[in-house]
Amino acid sequence: MSEFLDHIRNELAAIETAGMTKHERLISGPQGAHVAMEGRQMLNLCANNYLGLADHPDLIAAAHGALNDHGFGMASVRFICGTQDLHRQLEARLAGYLGHDDSILFAACFDANGGLFEPLLGPEDAVISDSLNHASIIDGIRLCKARRYRYANSDMADLELQLQTARADGARFIMIATDGVFSMDGYLAKLPEIRALADTYGALLMVDDCHATGFMGPQGRGTPAHFGVQADIVTGTLGKALGGALGGYIAGPQAVIDLLRQRARPYLFSNALPPAIVAAGLTALDLVERADDLRAQLFANASYWRAGLADAGFELLPGAHPIVPVMLGEARLAQAMAADLGKRGVHVAGFFFPVVPKGRARIRTQMNAALTRDDLDFGLEAFVAAGHSVGVL
Ligand SMILES: *Cc1c(COP(=O)(O)O)cnc(C)c1O
């Protein structure tokens, strides 16, 4: 044991020496545009709370209501005695919203992606995955026996090459897996091109739309709707724009969802979502479908924020998504800038290797619909001051 703990402490020390230790700040109140953090009100520019629903009174009321009439916990997996009317209602509602036959709930999208591939694909099959896909897709693919192919992020020539290779290798079925939005950059997957290539080579298309569902496309139906493209299978989360609590899902053809209910391991061997979360998810979808005003506010905020940072001289990644990365280069600079902003009352997170490539460290700011123009002006002033203070402006 003591040798083992010495080894673990060495690992921790190495993380610290590399300047890569992640520190968790304590929030003592609800998630929102402003958060109470260690005795201070901070402007919060790094939540996935895109539509500002995380503390919405209707969601809180829906959760309270379900606590009262459906209880607190399920104490069961779904197939033993963990399926309430609410679970089926939410699955049907999500499927209808996303334009698929049916959907299946998981404890998180991490579990949805972790459980998706293994039941659907065998050793005769192939998965072709974008190199910047979310960790949960990477892990889900590792757990399945299909042959694995990878293409450089959004590189359509490389995707085509991998499709040709998979076909030449004799693949029975091929599934292309991609994030709808790449979360470190805010770039959208090139779904029209990917769909066209999938059709040319007879492949299936799976899209993880965690950073899009609720606000991209008409009624917030996600990146496939944004591009007018049909994905065969979509995964997503209730933990971002749809209220921000937790819960994941897979939506797709009836037979796929039916087989996942029989075989997806994180579904079969993990507890059912609590009713308060499920009921609030239903209310979130009601709100989100009608939330054109919030979506307009979100994108107005994103363009104001981008323009303000660009005018100030910061290097940004191009785009229109509410993820706005401020490129800083070295990890220590991103850390120093985030710390300086913290002192100025702005909470942001620095991202660096291994989450992003070496030398591409950044502060990933994220807009949401609850931020006011005053908030954004306050944030811009703080960024300019911090930029001068750490020497990037
Ligand atoms: C956040 C995220 C997940 C994980 O979702 P959870 O529901 O929090 O587990 C999976 N994929 C992508 C692309 C994400 O951004």
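**Group meeting: salt bridges, strands and a core**

Okay, let's start with Glu-289, which counts as partly exposed at 25% relative accessibility. Before I go on, keep in mind that what you see on the screen is a predicted model.

So who does Glu-289 pair with? It forms a salt bridge with Arg-221, and the closest N and O atoms sit 3.6 Å apart. The two ends come from distant parts of the chain, 68 residues apart. Arg-221 is in the loop between strand 9 (204–208) and helix 9 (223–227), while Glu-289 belongs to helix 12 (residues 275–289). Arg-221 has a relative accessible area of 25%, so this residue is partly exposed too.

Quick reminder for anyone who hasn't thought about charges since breakfast: side chains of opposite charge can pair when their charged atoms come close. In this model the count comes to 19 salt bridges, and I'll show you two others.

Take Glu-91 and Arg-78. Their closest N and O atoms are 2.8 Å apart. This pair also ties together distant parts of the chain, with Glu-91 in helix 4 (residues 85–98) and Arg-78 in helix 3 (residues 78–82), 13 residues apart. Are these two buried or exposed? Both Glu-91 and Arg-78 are buried.

Now a pair inside one helix. Arg-142 makes a salt bridge with Asp-139, at 3.1 Å between the closest N and O atoms. Why are they separated by about one helical turn? Because they are 3 residues apart in helix 6 (residues 135–142). Arg-142 counts as exposed, since its relative accessibility is 54% and the cut-off for exposed is over 50%. Asp-139 has a relative accessible area of 28%, so Asp-139 is only partly exposed.

Back to the first picture for the network. Arg-78, Arg-88, Glu-91, Asp-102 and Arg-261 are joined into one network by salt bridges that share partners.

Next, the strands. Strands of a sheet pair through backbone hydrogen bonds, either parallel or antiparallel. One open sheet here is made of 3 strands in the order 1-2-13, with mixed pairing. At its edges are strand 1 (34–37) and strand 13 (346–347), each of which pairs on one side only.

Zoom in on strand 1 and strand 2 (residues 40–44): they run antiparallel and are joined by 4 bridges. What is the bridge partner of His-34 in strand 2? That would be Leu-43, and Ala-36 has Gln-41 as its bridge partner in strand 2. The hairpin of these strands has 2 residues between them, and in it Glu-38 takes a positive phi near 50 degrees.

In a regular strand the side chains alternate between the two faces of the sheet. For strand 1, Val-35 and Met-37 are on the covered face, and His-34 and Ala-36 are on the uncovered one.

Now look at strand 4 (residues 126–130), where 5 of its 5 residues are buried. Ala-126, Ile-128 and Asp-130 point one way, Val-127 and Ser-129 point the other way, and all are buried. Strand 4 pairs with strand 5 (residues 147–151) in the parallel sense, over 5 bridges. Across from Asp-130 you'll find Tyr-151 in strand 5.

On to the greasy part. The largest nonpolar core has 62 residues. Which have the most contacts inside it? Those are Leu-45, Trp-305, Leu-309, Leu-341 and Phe-383. Helix 12 gives the largest share of this core, 10 residues. And where does this core lie relative to the domains? It lies between domain 1 (22–51 + 291–390) and domain 2 (57–289), because both give residues to it.

There's nonpolar stuff on the outside as well. Met-1, Phe-4, Ile-8, Leu-12 and Ile-15 form a surface patch with about 520 Å² of accessible area together. Of these, Leu-12 sits in helix 1 (residues 2–17), and its 53% relative accessibility is why it counts as exposed.

Last stop, Asp-377, in helix 15 (residues 373–390). Its relative accessible area is 30%, so Asp-377 is partly exposed. Asp-377 and Ala-339 are 38 residues apart in sequence, and in space they are 19 Å apart, C-alpha to C-alpha.

That's my tour. Over to you.

Terms used
Residues are numbered from 1 along each chain as its sequence is written. This is a predicted model: local features need pLDDT of at least 70, side-chain atom pairs count only at pLDDT 80 or more; totals for chains, interfaces and linings use all residues. Side-chain values use heavy atoms; hydrogens and water are left out. Two strands pair if DSSP finds at least two bridges between them. Patches are made of residues with over 30% relative accessible area and no salt bridge: like charges are joined within 9 Å, nonpolar side chains (Val, Leu, Ile, Met, Phe, Trp, Tyr) within 5 Å. Accessible areas come from the Shrake-Rupley method with a 1.4 Å probe; for residues, only the protein chains shown count as cover. A salt bridge is a side-chain nitrogen of Lys or Arg within 4 Å of a carboxyl oxygen of Asp or Glu. Buried means under 20% relative accessible area, exposed over 50%, partly exposed in between (1.4 Å probe, protein chains only). A nonpolar core is a set of buried Ala, Val, Leu, Ile, Met, Phe, Trp, Tyr and Cys residues joined through side-chain atoms within 4.5 Å. Domain bounds come from an automatic or database domain assignment.
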